[in-house]
Amino acid sequence: MTGVDVDIRTGEIFGLVGPNGSGKTTLTNAITGFYPPNAGTVRLAGKDITGTAPYKVAKLGVARTFQNLALFNGMSVLDNILLGRHIHMNPGVFSTAFYWWAAQREEIENRKIVEEVIEFLQIESIRNELVDGLPIGLKKRVELARALVAEPKMLILDEPMAGMNQEEKGYMARFILDARAERGVSVLLIEHHMDVIVGICDRMLALNYGEMIASGIPKDVVSDPRVIEAYIGGSHG
Amino acid sequence: MFYRLSGVRHADYVSDSRIYKVPTDRNLAVFFLIIGLAAPFIIPSLYLNSYMLPWLIWTAAALGLNLVTGWAGQLHLGYAAVMAVGAYSAIHAARFGVPWEFALIIGGLASSVIGSLFAFAALRVKGLYLAITTLAMQFVMDWVLSHSPTISGGSHASLQSPTLTLLGQEITSDRAYYYVAFGWCVLVTIFMLNLKRTGLGRALVAVREKDYAAAILGVNSFYYKILAFATSSFIAGISGAILVATFFFLAAPEQFSVNVSIQVLAMVIVGGLSSIIGSYFGVALILLVPGVVNTVVASVSQWLGMQVNVETLAHIPNAVYGALIVVVLLIEPLGLGKLYGNVRDYLMVWPFDQLRK
């Protein structure tokens, strides 16, 4: 990727689009520390976090979901979401050994926060089920819940609506808007569904072959001729 | 029906985060706890000390390995070496005059330090490579034990364990030995049960399942893997020390050789990875079945009036036990713990299983 300059403001929903292989996921991986960039810097609230290890980036307040889902199989929905609280908890050997005196209060307090998000995303009925067998729409919702309970400053959603039908997409868009409204989180939203991007994003950026081809207000970006060409091809000849 | 769920309502989070959420499970656990406490008065002391006691100590040890292999998902082929460190450290400390309570903890800590130091190097690689590296640890430890007379008393020597004394009581009777083993096994089991509901347990499972997803949630995989090795080594060390102090009475290098490591791993796998009750079953199968089969074969041949020669008698249990492992893993690859879980799930809705969702 070259010459990409993104500035996401607090409380903003920022759309990121581009054809397959245009570098959307690479950009998120650079932000979250999976692939430190060769050149350039990543700043979070003014602080340089370039090349910071992913688990430290998480502690600084960046949460993300994955394009291909990254829930922990063999665990219940509740435990998966509780893991989102990891950065706010102090799990250890001694607190496990002396659970009743050392861990119970912390577990219960965090459980309450998790339950609020479970209620917010309307997944109460599946909280005790294993994530393995859930349909993809619910899995995406559980992953969003896991990212939200971390109370991030910055939330990166990598194709949260891939494979969803119109109704599920509508729900998800509503959840994202509500999350911003209630929690003041900034969102970087990667999507292929242009209707969603135009519908809920404040600003957006289009990438192609690792370069910025357009940015600004969604309405303008999607009508930009270069974006149209990148997505559906230009007129030949 | 047997594991009745109706009418069981958890109205607050404390109640919902209990170890046993189904009353029947809790009642069963209490029942077996009472059986365990009463065992010395029910079971003849020969069986108590040659079957029950090693079963409980090996279960504690297997649970420790389960922590690292079942929970954190790291194959460990040098577990017996870690037990040896604990056993030798504790016995040397006790011979030096340190009270046994502290000697046991010294054993655990020594194991923990050496186990995690080794893990620190070994965890740079993953999966099968890690397994081979831990195997190297086993061989290094074997070599150290057989080549340093100050530790082991030489390659064919053995080290006498001083009389176990806990809380001012000299432990010399069969019953007392049993209670020490029982107490340790209960402690480890409680720890593992708690692990199922705390952030530590969740973090370990996260590291096992998807380390990149764990990282984005703020879980430092390397730290948690080291922590898993350290904790499991601590359990191993104390289990090794108790094993020598209450069962072998003499520590010898071959008690902690590579085949023991593999045997413990087999106990964990046959019992079921990250299954606590599974470890109890797995240890029972691996440790006790050969003896049981031996007795059965001997009594059957006597009853039939057949003369079985000694060599056949020695081989039949091995064959049966090998076959049993294969059969168990064929029926349920997730081990005996899962097999129990299946039965439990079935009985939970029986006889109304058509109502299952």
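This tour moves through the model selection by selection, from the sheet of chain A to the contact with chain B and then to chain B itself.

The model is predicted: local features need pLDDT of at least 70, side-chain atom pairs count only at pLDDT 80 or more, and totals for chains, interfaces and linings use all residues. Residues are numbered from 1 along each chain as its sequence is written, while chains are lettered from A and ligands numbered from 1 in the order in which they are written.

**Stop 1: the sheet of chain A**

Select the strands E4, E5, E6, E1, E7 and E8 of chain A; in that order they form an open sheet of six strands with mixed pairing. Helices (H or I, at least four residues) and strands (E, at least two) are DSSP runs numbered from the N terminus, and two strands pair if DSSP finds at least two bridges between them. The edges are E4(A) and E8(A) (211-216), each of which pairs on one side only. From one strand to the next the twist averages 15°. Axes here are lines fitted to C-alpha atoms, for helices over the stretch in contact, and angles run from 0 to 180 degrees between N-to-C directions.

Next, add helix H1 (residues 24-32) of chain A, which packs on this sheet and touches E1, E4, E5, E6 and E7 of chain A. The direction of H1(A) makes about 150° with that of E5(A).

**Stop 2: strand E1 of chain A**

Select residues 13-17 of chain A. Five of the five residues of E1(A) are buried, so the strand is largely enclosed by the rest of the structure. A residue is buried if 20 or more other C-beta atoms lie within 10 Å of its own, exposed if 12 or fewer, and partly exposed in between, with C-beta atoms placed from the backbone. In a regular strand the side chains alternate between the two faces of the sheet. Here Ile13(A), Gly15(A) and Val17(A) point one way, and Phe14(A) and Leu16(A) the other.

Now show the two partners of E1(A). Four bridges join E1(A) to E6(A) (residues 186-190) in parallel, with Leu189(A) as the bridge partner of Gly15(A). Four bridges also join E1(A) to E7(A) (residues 203-208), again in parallel; there, Phe14(A) has Arg203(A) as its bridge partner.

**Stop 3: strand E5 of chain A**

Move to residues 154-158 of chain A. Strand E5(A) is largely enclosed by the rest of the structure, because five of its five residues are buried. Met154(A), Ile156(A) and Asp158(A) cover one side, and Leu155(A) and Leu157(A) the other.

E5(A) pairs in parallel with E4(A) (residues 62-65) through four bridges, where Thr65(A) has Leu157(A) as its bridge partner. With E6(A), the parallel pairing of E5(A) runs over five bridges, and Met154(A) is partnered by Ser186(A). To follow the chain between these two strands, select helix H8 (residues 166-183) of chain A: the β-α-β crossover from E5(A) through H8(A) to E6(A) is right-handed. That term applies if, with the strands pointing away from the viewer, the path from the first strand over the helix to the second runs clockwise.

**Stop 4: the contact between the chains**

Display both chains. The contact takes 34 residues from chain A and 25 residues from chain B; two residues are in contact if their C-beta atoms, placed from the backbone, lie within 7 Å. On the side of chain B, the elements that give two or more residues are helices H1 (13-16), H8 (174-195), H9 (199-209), H10 (211-216) and H11 (221-248) of chain B. H9(B) provides the largest share, seven residues.

For a closer view from chain A, select Tyr55(A) in helix H2 (residues 54-59). Tyr55(A) counts as buried, with 22 C-beta neighbours inside 10 Å. Leaving aside neighbours within four places in sequence, Tyr55(A) is in contact with Ala215(B), Gly218(B), Val219(B) and Asn220(B).

**Stop 5: chain B and Pro54(B)**

Select chain B alone, which has 15 helices and four strands. Its C-alpha trace spans about 65 × 65 × 45 Å along the principal axes of chain B. Buried residues make up 42% of the 357 residues in chain B.

Finally, select Pro54(B) in helix H3 (residues 45-71) of chain B. With 18 C-beta neighbours inside 10 Å, Pro54(B) counts as partly exposed. Beyond neighbours within four places in sequence, Pro54(B) is in contact with Phe247(B) and Leu287(B).
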